[in-house]
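Thanks for coming. I will go through one model today, starting with its helices and then turning to its sheets.

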Amino acid sequence: MTEPTGESEHPDTTYALVVGLYAGVVGGPAAVLAVSPWLRGAGALYVALLVAVTGLATAVGWAAARAPGLGVRLGGRTAVWLFAIAPFAWAAGVAGAAAVGVEVPSVAVVFAMLATAGGGLLGFAVVAMSHTRYADWTTRDAVELAAWEARWPKRWRQAAIAVVLVSFVAGAGGVGAEALFGVADAGTAYLLALFAVPLASLTTAPRTLRATDAGLVVERPHQRRFRPWSAFSGYDATADALVLRSAAWWRVDVRCDRGDVGDVEAATAALDDALGSARQ
């Protein structure tokens, strides 16, 4: 299969808008902090933030709209996850500065919360949209071998929900500890939810898996993810799960609740054919 370039794809206005907003939310506060010593009052900071976010979002969005196939190219690369990870550098920077005794301006703390929370959510959106565009491009001529609906196995779903509950309790406790007892930076514990909520969504939300001659497509509401068969080393069909083993140790296995799979025999037959062909 040829490496997708997306050169034939028309400019994607929606994708460009989200990328622009992401750049504005993550980078705009940094621009305002750079000039904050010359600004006086909360009003001036607020206006400067609006100008910086709008200007950066417009410039980056305009450039992205004139790069046909940008989402396709990014969606095929692991580095696309940097969009979701990079905003957390704000929170890490503020927390690290406070830990070593550097006095952090209150406006920097507010900006860090804005950039981390807003940028994190927009970053996950960019990742999801990139994966969807890459999957659509790669499977445009693919032949479907089998399809089935399946959530993650039950114990994984229960563990994800437990993590979410713990994160919200920790976040609420941290905010309370900072507000009531003055525990420095305890309120940043709310950031745990930014990791926990997507985790729970991935493991508990319904999804459709499609085995095609090109690879496996995992469909969730508003998102599609493609993985070629060469990315898997095989599969296991146990009493409670159907697991596609990733060839790379750092990639997550694709796990399905066997009780959700309507026709296990059809699914495993398609996997036998696809994985066998990929190794010939």
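First a definition: helices here are DSSP runs of H or I with at least four residues, and strands are runs of E with at least two. With that in hand, take residues 79-102, a span that is 67% helix and 0% strand. The C-alpha atoms at the two ends of residues 79-102 are 32 Å apart. Please keep in mind that this is a predicted model.

Where does that span come from? Residues 79-102 are listed by UniProt, in an unreviewed entry, under "transmembrane region". The same listing also gives residues 15-39, 45-67, 108-130, 159-181 and 187-205. Annotations of this kind may be inferred rather than shown by experiment. For residues 15-39, the chain is 84% helix and 0% strand, and the end C-alpha atoms there are 34 Å apart.

Now the helix packing, beginning with α1. Helix α1 covers residues 13-35, and helix α6 covers residues 106-138. Their axes come within 9 Å and cross at roughly 160°. That makes α1 roughly antiparallel to α6, because angles over 145 degrees count as such. The crossing of α1 with α6 is left-handed. Sorted by class, the residues in this contact are 19 nonpolar, five polar and one charged.

The other partner of α1 to discuss is helix α2, residues 42-65. Here the axes are 7 Å apart and the packing angle is about 140°. What is the handedness of the crossing of α1 and α2? It is right-handed. On the α1 side the contact includes A16, V19, G20, L21, A23 and G24; on the α2 side, L45, A48, L49, A52 and V53 are among the residues involved. The contact of α1 with α2 has 18 nonpolar, five polar and no charged residues.

Back to α6, this time with helix α5, which is residues 88-99. The axes of α5 and α6 come within 7 Å, crossing at roughly 150°. By that angle, α5 is roughly antiparallel to α6. The crossing of α5 with α6 is left-handed. Which residues meet? From α5 they are F88, W90, A91 and V94, and from α6 they are A108, V109, F111, A112, A115 and T116. The class count for α5 with α6 is nine nonpolar, one polar and no charged residues.

That leaves the sheets. Strands of a sheet pair through backbone hydrogen bonds, in either parallel or antiparallel fashion. One open sheet here has four strands in the order β1-β2-β3-β4, paired antiparallel. Its edge strands are β1, at 144-149, and β4, at 223-228, and each pairs on one side only. From one strand to the next, the twist averages 15°. Inside this sheet, β3, residues 215-220, is joined to β4 by six bridges. One position to look at is V218, which stands opposite R225 in β4.

There is also an open sheet of three strands, in the order β5-β6-β7, again with antiparallel pairing. Which strands stand at the edges? They are β5, at 232-237, and β7, at 254-257. Each has a single partner strand, so one side of each is left without a neighbour in the sheet. The twist in the β5-β6-β7 sheet averages 10° from one strand to the next. Five bridges join β5 to β6, residues 241-246, and these two strands run antiparallel. G234 stands opposite R245 in β6.

That is everything I have; questions are welcome.

Terms used: Residues are numbered from 1 along each chain as its sequence is written. This is a predicted model: local features need pLDDT of at least 70, side-chain atom pairs count only at pLDDT 80 or more; totals for chains, interfaces and linings use all residues. Side-chain values use heavy atoms; hydrogens and water are left out. Two strands pair if DSSP finds at least two bridges between them. Axes are lines fitted to C-alpha atoms, for helices over the stretch in contact, and angles run from 0 to 180 degrees between N-to-C directions. Angles under 35 degrees count as roughly parallel, over 145 as roughly antiparallel, 65 to 115 as roughly perpendicular and the rest as oblique. A crossing is left-handed if the near helix is turned anticlockwise from the far one by less than a right angle, and right-handed if clockwise. Ala, Val, Leu, Ile, Met, Phe, Trp, Tyr, Cys and Pro count as nonpolar, Asp, Glu, Lys and Arg as charged, and the others, Gly among them, as polar. Contact means heavy atoms within 4.5 Å.
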